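Here's a friendly first tour for anyone opening this model for the first time. Take a look at it, then read on.

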Amino acid sequence: MAPGCRSPWRFADAAQMAVLALLALLAAYPHCSLAQGPFRLEEVEVTIRQGAYVDALRRLRPLLNEGSDEVRRDALIGLGHLHTALADPNKAKDYLQQAHDLAVRLDEPASRARILILRARLDMLQTRYVRAQEELEQARALAGQASGKGVLIEALLWHAELRQRQGDSLDAERSLNEALALAEKHGDRGVQALAIAQQAAFHARRANYQPALDLWQQALGRFRSEGYLPSEALAILSLGELNAELGLLGDAVPLFVDSLKRFRTLADPVGEVRALIRLGHAHLRLKEPDKAIHYAETALATARKRHDYVGEGEALVQLGELWLEHKVQGRMLMPDPGVALKHLKSAMEIYRDAGDRYAESRTYLKVGAAYLAANQPRVAARVFEEVGKGASQTGDEETLWQALRGEGKGLAMAALYAEAAKRYGGAVAVLERAYQRTAGLDREARSAFLGDRRGLFEEYIDVLLKVQDAATGENALMSAFGISELARSRQFSEMLAGAGAERAAGRESPRLRELVERERLLRLDYGLLTRSLVSLRASDQRQELSSLQERQRTLRAELDRIQADIDRQFPKYAELAKPRQFTVQDVQALLAPDETLLSYFVMRDQSVVFIVKRHSFHAVPLALGRAAVRQLVDRFRRPLAEIQNLDDLRRWKPDAAVELYGKLVAVIAAQLPKQGQLIVAGDDALYTLPFEALLVEKPSEATAGTGPAFREYADMPWLGNRHSISYVPSAGALLALRRESRPGGWRQALIAFADPDFGSDSEAESTLSTKGGLSGALLARSTGIKGIPRLAETAVEVAAVNGILGGKGQLFLRKQASEGRVYETNLMGTRYLMFSTHGLLGGDFTSLGQPALALSLVNNPAGVDGFLTMSEVLGLRMDADMTVLSACNTAGEPENARGGEGFAGLTRSFMYAGSRSLVVSHWPVGSQATVALMTAFFKELAAGHPKAAALARARQKVRLTVQQGLQLAHPFFWAPFVLVGDPR
């Protein structure tokens, strides 16, 4: 805990003490009447739902010895409800029994039904599910005799929750649908909110992510408008659970923390336990077991203190998972599968006694993992097989794919690779169905969903590499290639396919173009509105909240209508926008005879490279796991990315470039052509590696002599001398680019933005050269220099390129090189786009949280800051054959690239916006060297060379160029720029 922070535990204790103090006060003065106005049970129950427990006590306790039997009965029911909310089962039972006796004597069905529902809730809390079911059935029968339908709706909702826990999804769905229909007819907003929340929970358990998110957001808004504070806390916690399920832990943790604070403020120990457990699970996945075990042990102690058996079971499961395979500082005995099994079996007893099949099957997954850790793979496989059977019967697909994965892992440990491959194949098929249900979520959520489950794909590929084709009758290596494509860069591929379909729509049908653009804008509005709803909290904003809710419902309905119109009227577009899975043969059909695709896939303990040519296919395992790949690439990149002066250039050693070639390329050299085009689909840290700068052998020691510095690098055996190289996020992305028909002609050759005006404080390159010596001029196009220096030479750069292309392009310089000008300019029909300026990583300037291009900072209108960010590029529309980002760090941040989505940041954004290829940089670039490279590159393009070949020839020319006594042969100058996208 940070110094000066208030302990979070004391606040909850204080709230509980306040309740206890009030109870003591009312006990001491039983005849004091604190109630104001006539007593109505419905109003008191609303007060309890709002979390105003002290106010409810003030109104209820004085009525126990006053008024009629009807008033006493309702007061007892209210007190039972209150102590149920406070997780105080003994007092709740006592009050409810007294209320029951009075209700029987008064023969009032609605009151008896309400009492039975509260009893059932208590029994569910203590995992007495059979008795709870009996009580809910009786409550439903009694509620049917009553005039009002509110009690019946509540009985149906709790029955749906109970049946879902017991594994009967069909019965749960029937009760839920009946409750929702009655809630709509009944018109009680509070009851409707509870019904919507139950529906959200139902969809969440069935991994129907989009409706679950929508419904929880609706429920959250309604709870806020009604002031139902405990339910609001639950909705926030549930939204956190959904984000965690999708892999968005950065979004989930703040929601868990928020809900925990709310539950403690409300003195709600049941909610507190649930929030603690979710926080523990999140920190476990964030590889922070010290925090996770703290939350789990606190949750267990709190649950046992309040007889919360459901919470106790969940805490035991989490502790079992921690003891299974995690090391915690100060816990010398961890991990220990035996201790893990002890915790898990204790949890299993709780769930088995309760008949909670849902929780039992999830716990049984951890039991299987414990047997794997104890090196009993066959026992583990049988455990997972049983879990899978149960999950298949109940429709719990999240548990099913995990069970199939566990069974596959056990069979693989027993060296039964063919059988293991079948189980893994089944797990992937189930997970694919779940992935399809993420349709409609934002791209970040869909990407995180797959990234969070990447381990499954890695294990499957590892098994396929061990399977003999003759044993299965299938080409296991081709299957492994397909699985690698499913595991990575899916969102990039789908984004490109969708962008291509949009451009095709624009060419083919004005009506389709209109619908697609409308759908895109609605999605943006819906996302913004959703974030506003979740963040809105103040009680005095209820009118605004109601307006936002109505707007959200309108947007969702309009989105659904437009999507249905597109699918019905333009099925070809719908097919293009949602690409099918593809095979090796699909890739081969689109490769030219001189092209070779190298598709790398990095796993925990090893990697594999798939070599795809027009008429051949190979897969070669590499003895490099993820940690080794990252370490090697970092050794190569870091010195180049952190160069500040000429001494740093001289200290750079080529050893890492030699070692990377030996471990990544030399092992497949026999399958590569002597010359030709290599298309590299990297993975993990390999996305940040320019293969051109790898050395095919260790260079000879340079001999002293006269001549420009770094001349010895010109003749080194770079891989880029043998091959022209381009890069794609994945084979699927290449397919998406090549399946789209190319424009038939160009309206103009070039639009360029260069030499932006950064204001009177910006310094010209000549001044920097004077201040910083030669290195100031060489390194000017970098964010390493304080402030934003002017790049006057970029105007010369784009003018030279324009001249090479015929001199008819549009050049926007100085104040015209502005963010607003980018938005105003029609970029469609332009073959080449250039942005020659500073490239900024997210965080380079405090106001920027994402990568951006620095444009003019002078005379911008309100709301325009002058930085063209990644998200703003997504809103542009272009169909350029190539976009050149002549700036530093535009290929994306290394940490982002490791997430499995390939090139990140500006690269992704420009490709999605419509550019078929890009020239981007991997590190801060030499400014004068960039001018030389770009000029040479466009000369080669004008001479008719394909893009990748033109860039390779330009690099060779730059290595022979001498500027200010330096030969630009050092890889710092020529290696950062790479071609991403279609190389043709």
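What follows is a short walk through the overall make-up, some helix pairs, the cores and the salt bridges.

## The big picture

First things first: this is a predicted model. The protein has 984 residues, and 58% of them count as buried. Its secondary structure adds up to 44 helices and 16 strands.

How do the contacts spread along the chain? Taking the contacts with a separation of 6 or more, 71% are between residues 24 or more positions apart.

## Helices 6 and 7

Let's start with helix 6 (residues 109–125) and helix 7 (residues 129–145), whose axes sit 8 Å apart and make an angle of about 160°. That angle makes helix 6 roughly antiparallel to helix 7. The crossing of helix 6 past helix 7 is left-handed. On the helix 6 side the contact includes Pro 109, Ala 113, Leu 116 and Ala 120, and on the helix 7 side it includes Tyr 129, Ala 132, Leu 136 and Ala 143.

Want one residue to zoom in on? Try Leu 116, which belongs to helix 6. Is Leu 116 buried or exposed? With a relative accessible area of 7%, Leu 116 is buried. Setting aside neighbours within four places in sequence, Leu 116 is in contact with Glu 135, Gln 138, Ala 139 and Leu 142. Leu 116 and Gln 138 are 22 residues apart along the chain, and their C-alpha atoms are separated by 7.4 Å.

## Helices 15 and 16

Now move along to helix 15 (residues 289–305) and helix 16 (residues 309–325), which pack at an angle of about 155° with axes 8 Å apart. Helix 15 and helix 16 are therefore roughly antiparallel to each other. Here too the crossing is left-handed, with helix 15 passing helix 16. Among the residues making the contact are Ile 293, Ala 296 and Leu 300 from helix 15, along with Ala 315, Leu 319 and Leu 322 from helix 16.

## The nonpolar cores

In soluble globular proteins, nonpolar side chains tend to be buried together. In this model, the largest nonpolar core has 102 residues, and the ones touching the most other members are Tyr 600, Phe 636, Leu 664, Phe 691 and Phe 937. Which helix gives this core its largest share? It's helix 42 (residues 927–942), with seven residues.

Phe 691 is a handy place to see some of this packing. Not counting residues up to four places away in sequence, Phe 691 touches Tyr 600, Leu 664, Val 665, Val 680, Leu 686, Leu 719, Ile 725 and Tyr 727. There's also a second, separate core of 71 residues, including Ala 193, Tyr 228, Leu 597 and Ala 731.

## A buried histidine

Next stop is His 970, in the loop between strand 15 (966–967) and helix 44 (971–974). His 970 has a relative accessible area of 0%, so it counts as buried. What does His 970 touch? Leaving out residues up to four places away in sequence, the list is Leu 640, Ile 643, Leu 649, Trp 652, Phe 710 and Tyr 713.

## Salt bridges

The count of salt bridges comes to 50. One of them joins the side chains of Lys 409 and Glu 459, at 3.4 Å from N to O. Lys 409 is in helix 20 (residues 397–413) and Glu 459 is in helix 23 (residues 454–464), so this pair ties together parts 50 residues apart in sequence. Lys 409 counts as partly exposed at 30% relative accessibility, while Glu 459 counts as buried at 19%.

Arg 738 and Glu 595 form another salt bridge, at 2.8 Å from N to O. With Arg 738 in helix 34 (residues 731–739) and Glu 595 in strand 1 (residues 595–602), the pair ties together parts that are 143 residues apart in sequence. Both Arg 738 and Glu 595 are buried. A further bridge pairs Asp 757 with Lys 815, with the closest N and O atoms 3.1 Å apart. These two sit in loops, 58 residues apart. Asp 757 is buried at a relative accessible area of 8%, whereas Lys 815 is partly exposed at 42%. Finally, Arg 454, Glu 458, Arg 626, Arg 630, Asp 683 and Asp 684 link up in a network of salt bridges.

Key. Residues numbered from 1 in each chain as written. Predicted model: local features only at pLDDT ≥ 70, side-chain atom pairs only at ≥ 80, totals over all residues. Heavy atoms only, no water. Salt bridge = Lys/Arg side-chain N within 4 Å of Asp/Glu carboxyl O. Helix = DSSP H or I, 4+ residues; strand = E, 2+ residues; numbered from the N terminus. Buried < 20%, exposed > 50% of the residue type's maximum accessible area, 1.4 Å probe, protein only. Core = buried A, V, L, I, M, F, W, Y, C linked by side-chain atoms within 4.5 Å. Contact = heavy atoms within 4.5 Å. Axes fitted to C-alpha atoms, helices over the stretch in contact; angles between N-to-C directions. Parallel < 35°, antiparallel > 145°, perpendicular 65-115°, else oblique. Left-handed = near helix turned anticlockwise from the far one by under 90°.
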